[in-house]
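Trainee: I would like to go through this structure with you, element by element. Could we begin with one strand and work outwards?

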Amino acid sequence: MNLRSVDLNLLVVLQALLAERHVSKAAERLQMSQPAVSRALQRLRQTLDDPLLVRTGNGYDLSARAVDLEKQLKPLLQDVASIMQPEEFNPELAEGVVKLTGLDLELILLMPDVVRMLREKAPSLRVEIVSQRPEHFEYLAKGEVHFTITGLSPDSGQDQFRRFPIARTGHVCVLDQTNPLASQGSISLNDYAQASHGLVSITGKGPGMMDIELEKFGLDRKVMLRLASFMSVAEFGQGSDLIFTLPEVMAQHLVKSSSLVIKPLPIEFDLPEVVLYLYWHERFHQDPMCRWVRAQLLSIFQPNL
């Protein structure tokens, strides 16, 4: 039988007819008119090729086929109702995995409070951190992770992704305390341009943001070290003459327990804030677990924005 030719609404009428064994009582139960239920019964009889209700000395009773159908119908309609009902997420009982990706330092700065919250509110929910690669938006698009934390924007398919901000920060210079520029009250634009620089390049492509900014003043800089991770800045910066220009929230973490210090950028620079976003793909927008996790993250990060 081709299900496209069958009105599945008839199953609801059938359930009432089998339970009541009377057209008028079934109509009352369904809050339908008696003629409408009678027509539905005729269609059911034609579709199933069975009388369903048969006359007896005491009224109507079920045909042999109807007896079998009655047993099958209740669980079937319960399953259909379950499919149509919105899924519920109970964090106390939920099991599963929340997968997210981001830069190591961003995760260290932002995720410990989130993981502690999840351990408290959803103790059986596991968290999996996936190493970030340049194609992290592709991870989202393929459903390999639920969330990405990044300050970057997707190169394409922007309408596939949703986001909200979780942190905002400015830029500062990070250098070793023995660097002559560390003892100055402020770093001049020319001193900044003439210094030896370290650059963290996540994508590994193109010039850095500060190279573009210096071009506005007709200046350039010497990038003597190019790194792929913020996590290694402290090791390479300590005891060297290198200057790194970093988001302040990351710099504050990196200078802890090191000989590095933080200095303001030359006043000539007017850089926009770095905004870190939580991204997710449209495929998980209505997922109950992901909706709940997003709500928790909003409650943690929004008060600090």
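Mentor: Certainly. In this predicted model, 5 of the 7 residues of strand S3 are buried, so S3 is largely enclosed by the rest of the structure.

Trainee: In which sense do S3 and S4 pair, and over how many bridges?

Mentor: S3 and S4 are parallel, and 7 bridges join them. Within that pairing, Val98 has Val127 of S4 as its bridge partner.

Trainee: And S5, how many bridges does it share with S3?

Mentor: There are 3 bridges between S3 and S5, again in the parallel sense. Gly102 has Ile149 in S5 as its bridge partner.

Trainee: What kind of unit do S3, H5 and S4 make?

Mentor: They form a β-α-β unit, and its hand is right-handed.

Trainee: Let us move to helix H11. How many residues does it have, and how far does it reach?

Mentor: Helix H11 covers residues 288–301, which is 14 residues. From its first C-alpha to its last it spans 20 Å, close to the 20 Å expected at 1.5 Å a residue.

Trainee: Which residue caps its N-terminal end?

Mentor: Asp287 does. One of its side-chain oxygens lies 3.2 Å from the backbone nitrogen of Met289.

Trainee: Which residues of H11 are buried?

Mentor: Pro288, Met289, Cys290, Trp292, Val293, Arg294, Gln296, Leu297 and Phe301.

Trainee: What covers them?

Mentor: The cover over the buried residues of H11 includes the three elements we discussed with S3, namely helix H5 (104–121), strand S4 (125–131) and strand S5 (147–150), as well as S3 (96–102) itself. Strand S6 (161–169) and strand S12 (274–281) also contribute.

Trainee: Gln296 caught my eye in that list. Why is it classed as buried?

Mentor: Gln296, which sits in helix H11, has a relative accessible area of 10%. The cut-off for buried is under 20%, so Gln296 qualifies.

Trainee: What is Gln296 in contact with, leaving aside its neighbours within four places in sequence?

Mentor: Met117 and Lys121. Both numbers fall within the range of helix H5 (104–121), one of the elements that cover the buried residues of H11.

Trainee: Changing topic, in what order do the strands of the open sheet with S7 run?

Mentor: That sheet has 5 strands in the order S9-S8-S10-S7-S11, and the pairing is mixed. Its edge strands are S9 (222–227) and S11 (260–263), each of which pairs on one side only. From one strand to the next, the twist averages 35°.

Trainee: How do S7 and its two partners run, parallel or antiparallel?

Mentor: S7 (residues 171–176) runs antiparallel to S11, with 4 bridges between them. S7 is also antiparallel to strand S10 (residues 242–247), with 5 bridges.

Trainee: Which residues stand opposite Leu175 and Asp176 in S11?

Mentor: Leu175 faces Val261, and Asp176 has Leu260 as its bridge partner. Towards S10, Val174 has Phe244 as its bridge partner.

Trainee: Is S7 buried or exposed?

Mentor: Of its 6 residues, 6 are buried, so S7 is largely enclosed by the rest of the structure. In a regular strand the side chains alternate between the two faces of the sheet. In S7 both faces are covered, with His171, Cys173 and Leu175 buried on one side and Val172, Val174 and Asp176 buried on the other.

Terms used:
Residues numbered from 1 in each chain as written. Predicted model: local features only at pLDDT ≥ 70, side-chain atom pairs only at ≥ 80, totals over all residues. Heavy atoms only, no water. Pairing = 2+ DSSP bridges. Helix = DSSP H or I, 4+ residues; strand = E, 2+ residues; numbered from the N terminus. Axes fitted to C-alpha atoms, helices over the stretch in contact; angles between N-to-C directions. Expected span 1.5 Å × (residues − 1). Buried < 20%, exposed > 50% of the residue type's maximum accessible area, 1.4 Å probe, protein only. Contact = heavy atoms within 4.5 Å. Polar contact = N/O pair within 3.5 Å; in protein donor to acceptor, adjacent residues only side chain to side chain. Right-handed = clockwise from strand over helix to strand, strands pointing away.
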